[in-house]
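Trainee: I should like a close look at a single part of this model, the strand pairing at the start of the chain. Please then place that part in the context of the rest of the structure.

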Amino acid sequence: MISSFDTILRNANVIDGSGQPAYTADIGLLKDRIAAIGNLDDATATQQDINLEGLSVVPGFIDVHTHDDRALLSNPDMLPKLTQGVTTVVTGNCGISLAPLSPNIAIVPPLDLVATEEWLRFPHFADYLDALDAAAPAVNVVALVGHTSLRAQTMTDLSLPASQQEISQMQQLLDEALQSGAWGMSTGTFYPPAAAAPTEEIIEVGQPLGRHKGLYATHMRNEADRVMESLEETFVIGKELGINVVISHHKLAGVRYHGMSGKTLQRIKDAMAEQPVCLDCYPYNASSTMLHPDFIERASSVMVAWSTPHPKYAGRMLADIAAELGCDQREAANLLMPAGAIYFLMDENDVQAILAFDETMIGSDGLPHDNHPHPRLWGLFLECWDTMRAM
Ligand SMILES: [Zn+2]
């Protein structure tokens, strides 16, 4: 039994992450590591002895769905995450990663949510991982390769399915990325630069995932009228490649599809019995991504988060901007692009049902470079923590 620690945290409410109920204990630290958990009444601390009565100690949270690729390098203190207790982030989601992207590629939205011209520095994934090592961010990183980034890096026309030659190039870049330390690939076929990619393209490009036991995360092609078909596509890709799939930020987008979570969750549960499937969500009824005229109709209202040509409209409702400009919302969106927006399009009951589903993980989907970011960036884990404490 150790009788002396560098630091002792006493009377903490310990939630150890194993699923067992919380319990009261003391925690002894030696050289930044937990050396003992239990009754340390007889032990002494050489540096700090802190009474945590009334407070909880938990393992660091994992934000399983982020767009922190650039923030990790530009703001390695990672305050939006660290202040919420997040110690690990999964990057490169929704098909968009900061690597592999060469200096000469066109930054088509939604790539602009993470990439800027100044940050087109990583033609190979290993370059990005080296930069991460050098920046030494305050959180751990699980980096995914974005299929849209692979397309932007290798294709001349993103409105088409990839040619055989382009597929081979993407495979090679993905293989290289997985060898250098990427954990898997993400897709965002919902978005214009990847919408033309058929299921077969994703399976072909994803071949190296099977060899490297990489995972596949997807912002599905459709979260509205064709959500069930999109789930099937996701399961087929996972089965064909023999890998784990993650359904990103599961939601039902648009009033007409509200109430469908019972059906989607049942289908996901059935699929889980046959293959490894995971899902994540964020506890808000508004989403946030690039502003696009085609995305407006699904939402009851839209708030502008940023606009490159018209920065003054950040933080304002698109309907008000349109009224002021004397046009409709589609025209206003066209004027403001490239831009980011917050879309109020989910039903609270669906959000609650998806959150309450046993297998659902928590991912913020926060956008760290927005001027007026969706509150999920800074607030998600605090929100969940409040709910947990109230239970
Ligand atoms: Zn997404």
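Mentor: In this predicted model, strand β1 (residues 4–14) runs parallel to strand β4 (residues 44–51), and 6 bridges join the two. One point of register is given by Thr7, whose bridge partner in β4 is Gln48. Thr7 also stands opposite Leu29 in β2, so that residue serves to relate β1 to two strands, β4 and β2.

The pairing of β1 with strand β2 (residues 23–30) is antiparallel and likewise extends over 6 bridges. Here Ile8 has Gly28 of β2 as its bridge partner. A further pairing of β1 is with strand β5 (residues 56–57): these strands run parallel and are joined by 2 bridges. In that case Asn13 is the residue of β1 concerned, with Ser56 as its bridge partner in β5.

From β2 the pairing continues to strand β3 (residues 33–38), which runs antiparallel to β2 and is joined to it by 5 bridges. Leu29, already met opposite Thr7, has Ile34 as its bridge partner in β3. The strands β2 and β3 form a hairpin with 2 residues between them, and in this hairpin Lys31 takes a positive phi near 50°.

As to side chains, in a regular strand they alternate between the two faces of the sheet. A core of 7 residues includes Phe5, Ile8, Leu9 and Ile27. It lies apart from the largest nonpolar core, which has 97 residues. In soluble globular proteins, nonpolar side chains tend to be buried together.

The domain assignment places residues 4–57 in domain 1, and 61–285 + 346–390 in domain 2. The C-alpha centres of these two domains lie 36 Å apart.

Within the core of 97 residues, the members that touch the most others are Leu174, Tyr216, Val304 and Ala341. Helix α5 (residues 164–180) supplies the largest share of this core, with 6 residues. For Tyr216, the contacts beyond its neighbours within four places in sequence include Gly184, Met185, Gly206 and Leu209. Also among them are Ile237, Gly238, Leu241, Val245 and Val246.

Helix α10 (residues 261–272) offers a further view of how buried and exposed positions are arranged. Its 12 residues should span 16 Å at 1.5 Å a residue, and its end C-alpha atoms are 16 Å apart, which agrees. The buried residues of α10 are Ser261, Thr264, Leu265 and Ile268. Because these residues cover an arc of only 95° around the axis, they lie on the same side of α10. Gly262, Gln266 and Asp270, on the other side of the helix, are exposed. The buried residues pack against α9 (227–241), β11 (245–247), β12 (277–281) and α14 (348–356).

Finally, Asp328 is found in the loop between α12 (318–325) and α13 (329–336). Asp328 counts as partly exposed because it has 13 C-beta neighbours inside 10 Å. From Val145 it is separated by 183 residues in sequence and, C-alpha to C-alpha, by 37 Å in space.

Note on methods: Residues are numbered from 1 along each chain as its sequence is written. This is a predicted model: local features need pLDDT of at least 70, side-chain atom pairs count only at pLDDT 80 or more; totals for chains, interfaces and linings use all residues. Helices (H or I, at least four residues) and strands (E, at least two) are DSSP runs, numbered from the N terminus. The expected span of a helix is 1.5 Å times one less than its number of residues. A residue is buried if 20 or more other C-beta atoms lie within 10 Å of its own, exposed if 12 or fewer, and partly exposed in between; C-beta atoms are placed from the backbone. The arc is that of the directions from the helix axis to the C-beta atoms. Two residues are in contact if their C-beta atoms, placed from the backbone, lie within 7 Å. A nonpolar core is a set of buried Ala, Val, Leu, Ile, Met, Phe, Trp, Tyr and Cys residues joined through C-beta atoms within 7 Å. Domain bounds come from an automatic or database domain assignment. Two strands pair if DSSP finds at least two bridges between them.
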